[in-house]
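Trainee: Could you take me through one part of this model slowly? I'd like a close look at how the two protein chains meet.

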Number of protein chains: 2
Amino acid sequence: MNSDEAIPTISDAEWEVMKVLWDTPGSNAPEVHARLQDRRTWKIRTVQTLLGRLVQKGALGFEKNGREYLYHPLFDAETCRRAASNSFISRVFDGRLAPFLATFVESTELSAEEIDELKRLLDEGQEK
Amino acid sequence: MNSDEAIPTISDAEWEVMKVLWDTPGSNAPEVHARLQDRRTWKIRTVQTLLGRLVQKGALGFEKNGREYLYHPLFDAETCRRAASNSFISRVFDGRLAPFLATFVESTELSAEEIDELKRLLDEGQEK
DNA sequence: TAAAACTGATTACATTCGTAAACCAAGCCC
DNA sequence: GGGCTTGGTTTACGAATGTAATCAGTTTTA
């Protein structure tokens, strides 16, 4: 799994494809297409275009297996999510996490259970 | 301040302009340009284009003052940030906030002070 | 009052993105 | 063995984005 190279920028539509391949790496285009059925109404051509672009960007790799291509992520999900999060927080919240979290807390979009879970997470972080 | 209408989608570059106008609403193009000097090397033409697009999108309004236009946001910052955050979290984290926060906690990108602040925020949310 | 300076409007142009259709090669079916 | 099916490659095309240059109107200035 690559970790040194610059993490490519992944577009909205491309995220869906990446998520499928993190879940089941080594899928070919029809398989990815099938696994997106419930969320997106994309034609298989659309999925192939996205796969091709992700390969070009260096986000995906593939091996040929006979005439089919088996795609797999070149970066793990954590790495990509972290990069996207940092970029988002810095763009919208000037890099400050607290105001971001405050947005959710104040708008009561969090259940009591979620709040507990988040507090537990923070506790764990503090112990390290 | 508008709050009923659909919140427009604001692009990366446009966020910078919005942030200036939330800070000092009623600025004209040259003023916005000046306030961006430290962060961006945009020409004033670029800033004017962004202002125009934001007006078109319904994110900004303006009044004429003689020959100059004074721009002001039509949505408050909280509203826009919340919309952007929801969209981001649902795109990248399938709508679940905990994994997002875990990303930051695990990567030790948070100082002890920040963790304390976040916990305090969560406590406040819980009291409501 | 004619030129200079300031401000906004219109037009431009290359990239990226969303969404494919068209085209082509390799197996498979009869 | 010549289509039909399946899988991938190339090309397309409009909207959004980043980044302006040019044009035009107004006010100030020499």
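Mentor: Sure, here is the contact between the two chains, followed by a look at one DNA strand beside it. Keep in mind that this is a predicted model.

Start with the symmetry. Chain A can be laid on chain B by a turn of 180 degrees and a shift of 0.0 Å along the axis, with an RMSD of 0.1 Å. The two copies are thus related as by a two-fold rotation axis. If you want to find that axis on screen, go to Lys119(A): its C-alpha sits 3.1 Å away, the closest approach of any residue of chain A.

Now the contact itself. Chain A puts in 41 residues and chain B puts in 41 residues. Every one of the interface residues of chain A, 100%, is also an interface residue in chain B, so the copies meet through the same surface. Between them the chains bury about 4,100 Å², with 65% of that on carbon and sulfur atoms. On the chain A side, the residues that lose the most area to chain B are Arg91(A), Leu97(A) and Leu122(A), together 16% of what that side buries.

Arg91(A) is worth a second look, since that residue also forms a salt bridge with Asp12(B), where the closest N and O atoms are 3.3 Å apart. Across the whole interface there are 6 salt bridges, and 12 residue pairs are in polar contact. As for which elements do the touching, α1 (12-23), α4 (77-93), α5 (97-106) and α6 (112-127) of chain A each give two or more residues to that side. The largest share, 12 residues, comes from α4(A). Sort the chain A side by class and you get 19 nonpolar, 8 polar and 14 charged residues.

Both chains also turn up around DNA strand D. That strand is surrounded by 20 residues, and the closest are Arg45(A), Arg67(A), Tyr69(A), Ser11(B) and Thr49(B). By class they split into 5 nonpolar, 5 polar and 10 charged. The element that gives the most here is α3(B), with 5 residues.

For atom-level detail, the side chain of Ser11(B) has an N or O atom 2.6 Å from a phosphate oxygen of strand D. Thr49(B) goes to a base instead: a side-chain N or O atom there is 2.5 Å from a base nitrogen. Arg67(B) also has a polar side-chain atom 3.2 Å from a base nitrogen of the strand. Of the strand D atoms within 4 Å of the protein, 50% belong to sugar or phosphate and the rest to bases.

Key
Residues numbered from 1 in each chain as written. Chains lettered and ligands numbered in written order. Predicted model: local features only at pLDDT ≥ 70, side-chain atom pairs only at ≥ 80, totals over all residues. Heavy atoms only, no water. Least-squares fit on C-alpha atoms with pLDDT ≥ 70 in both. Contact = heavy atoms within 4.5 Å. Buried area = accessible area lost by both parts, 1.4 Å probe. Salt bridge = Lys/Arg side-chain N within 4 Å of Asp/Glu carboxyl O. Polar contact = N/O pair within 3.5 Å; in protein donor to acceptor, adjacent residues only side chain to side chain. Helix = DSSP H or I, 4+ residues; strand = E, 2+ residues; numbered from the N terminus. Nonpolar A, V, L, I, M, F, W, Y, C, P; charged D, E, K, R; others polar. Near = heavy atom within 4 Å.
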